[in-house]
Amino acid sequence: MSVDVLGQLSEAGVSVWLDDISRDRLLTGSLQSLIDDYHVVGVTSNPTIFAKALSAGSAYDEQVADLRVRGVTVEEASRAITAYDATNGLDGRVSLEVDPRLAKDTEKTIAEARALWWMVDRPNLFIKIPATREGLPAITQCISEGLSINVTLIFALERHGEVIDAYMAGLERAKAAGRDLSQIRSVASFFVSRVDTEVDARLDKLGTPEATALRGKAAIANARLAYELFEQKCAEERWRALAASGANIQRPLWASTSVKDPSFGDTMYVVDLVVADTVNTMPEGTIRATADHAELIGDTVHGTYDASRQVFAELETLGIGYDDVVKVLEDEGVAKFEASWNELLDTIRTKMGL
């Protein structure tokens with residue numbers, strides 16, 4: 001008798017989200033199949049996903065032609081196309097991101113988030129806002145206005161704490177304005193595999209036995225410590241007061257959970273991060289690999305915090321500083337988001353014949 005691994009994962013308190021959305025998935029029933037058979041309860045998107053969907057098939061051609069006739073700009077077309085997909089075919093959560101070129105501009109990020117919230121007008125929407133320094137006040141303001149936010153591109157523990165504080169500040173303002181806190185939701189997307197990619201490259205340059213022994217350990221340790229921080233914040237009186245008023249926790253979301261190094265197990269970032277009140281957003285390949293051969297052993301986060309701190313202490317002794325790693329990752333992350341967005345705009349521009 002086969003084991004329903006994804007069902008076990010869901011029962012353990014980990015929500016399974018698909019890191020992909022396209023019109024073809026909605027029209028062909030591919031997404032519904034994943035919902036029905038693989039316990040998928042939400043989806044996330046990014047510009048690269050939409051660019052591939054646009055270039056790979058014809059599902060968008062009619063809408064693109066209409067937009068061209070109307071004479072809309074490429075930027076307006078991108079919003080019309082992506083907002084359409086966020087409104088169809090799913091009862092769970094759909095995440096749609098603001099223009100990542102605005103990641104360093106608080107006011108424009110707020111304005112774009114408002115526009116997307118108004119355009120989609122569905123209660124299952126999450127607006128994705130990058131966790132840059134300038135993104136923090138945007139998160140607070142949007143939460144205060146009743147928008148549900150997926151805070152993305154988190155690598156550093158310190159920044160994760162600031163994100164949780166920004167969420168609570170937004171809830172406090174929303175409460176003061178008389179809003180129903182139970183209708184506001186948020187996730188904090190903590191990126192996983194990219195940490196190993198950066199750290200392991202530095203370890204490989206060292207090439208010592210001590211360095212080799214630490215390969216593949218930093219990302220999971222970082223995520224586990226992020227969960228410890230989440231628990232600490234939820235234990236504060238500030239949060240307890242908000243929870244008593246109906247507020248929802250800001251769940252940690254494990255993002256970038258496909259394994260990039262073939263020497264690691266392909267479900268490592270799933271089975272080693274099983275803990276309640278989290279989301280794991282995976283590409284379809286990782287979902288299917290988990291269903292096929294992952295072996296869950298229960299909660300793999302609690303009881304690991306001291307060992308996780310030891311990983312970073314050992315990295316420090318080898319000259320690999322945590323603060324530098326996460327700064328590089330955030331800077332590269334913003335740049336990659338911008339590049340993906342420009343790729344999407346170029347794809348739309350080509351489709352529109354501009």
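**Note on the predicted model: helix packing, aromatic pairs and two loop residues**

1. Helix 9 (residues 157-176) packs against helix 13 (residues 237-244) at an angle of about 45°, and their axes are 11 Å apart. That angle makes helix 9 oblique to helix 13. The crossing of helix 9 past helix 13 is left-handed. Keep in mind that this is a predicted model.

2. Which residues make this contact of helix 9 and helix 13? From helix 9 come D165, Y167, M168, A169, L171, E172 and K175. Helix 13 supplies R238, W239, A241 and L242. By class, the contact of helix 9 with helix 13 has 7 nonpolar residues and 4 charged ones. No polar residue takes part in it.

3. A second helix pair is worth a look. Helix 10 (residues 193-206) and helix 12 (residues 218-234) pack at about 135°, with 7 Å between their axes. Helix 10 is therefore oblique to helix 12. Here the crossing is right-handed, with helix 10 passing helix 12.

4. The contact of helix 10 with helix 12 involves V195, D196 and V199 on the helix 10 side. On the helix 12 side are A218, A219 and N222. The classes are 4 nonpolar, 1 polar and 1 charged. Two packed helices are described by the angle between their axes and the distance between the axes.

5. Now the chain as a whole. The protein chain has 17 helices and 8 strands. It has 354 residues, and 55% of them count as buried. How much of the contact set comes from residues 24 or more positions apart? Among contacts in the protein chain with a separation of 6 or more, such residues account for 79%.

6. The structure holds 5 aromatic pairs. One of them joins W17 and F126. Their ring centres are 6.0 Å apart, the planes meet at 40°, and the pair is tilted. This pair links distant parts of the chain. W17 belongs to strand 1 (residues 14-18) and F126 to strand 4 (residues 125-130), with their positions 109 residues apart. Are W17 and F126 buried or exposed? W17 is buried, and F126 is too.

7. Another pair is F312 with Y322. Why is this pair edge-to-face? The planes of the F312 and Y322 rings stand at 85°, and planes over 60 degrees apart count as edge-to-face. The centres of these two rings are 5.1 Å apart. F312 sits in helix 16 (residues 305-317) and Y322 in helix 17 (residues 322-351). The two positions are 10 residues apart, and the pair links distant parts of the chain. Both rings belong to buried residues, F312 and Y322.

8. Check the backbone at H39. Its phi is near 60°, a positive value in a residue other than glycine. H39 lies in the loop between helix 3 (30-38) and strand 2 (40-43). With a relative accessible area of 28%, H39 is partly exposed.

9. D277 also deserves a check. Phi of D277 is near 65°, which is positive in a residue other than glycine. Where does D277 lie? Its place is the loop between helix 14 (268-271) and strand 8 (278-282). The relative accessibility of D277 is 37%, so D277 counts as partly exposed.

Definitions and conventions
Residues numbered from 1 in each chain as written. Predicted model: local features only at pLDDT ≥ 70, side-chain atom pairs only at ≥ 80, totals over all residues. Heavy atoms only, no water. Axes fitted to C-alpha atoms, helices over the stretch in contact; angles between N-to-C directions. Helix = DSSP H or I, 4+ residues; strand = E, 2+ residues; numbered from the N terminus. Parallel < 35°, antiparallel > 145°, perpendicular 65-115°, else oblique. Left-handed = near helix turned anticlockwise from the far one by under 90°. Contact = heavy atoms within 4.5 Å. Nonpolar A, V, L, I, M, F, W, Y, C, P; charged D, E, K, R; others polar. Phe/Tyr/Trp six-rings, centres within 6.5 Å; stacked < 30°, edge-to-face > 60°. Buried < 20%, exposed > 50% of the residue type's maximum accessible area, 1.4 Å probe, protein only.
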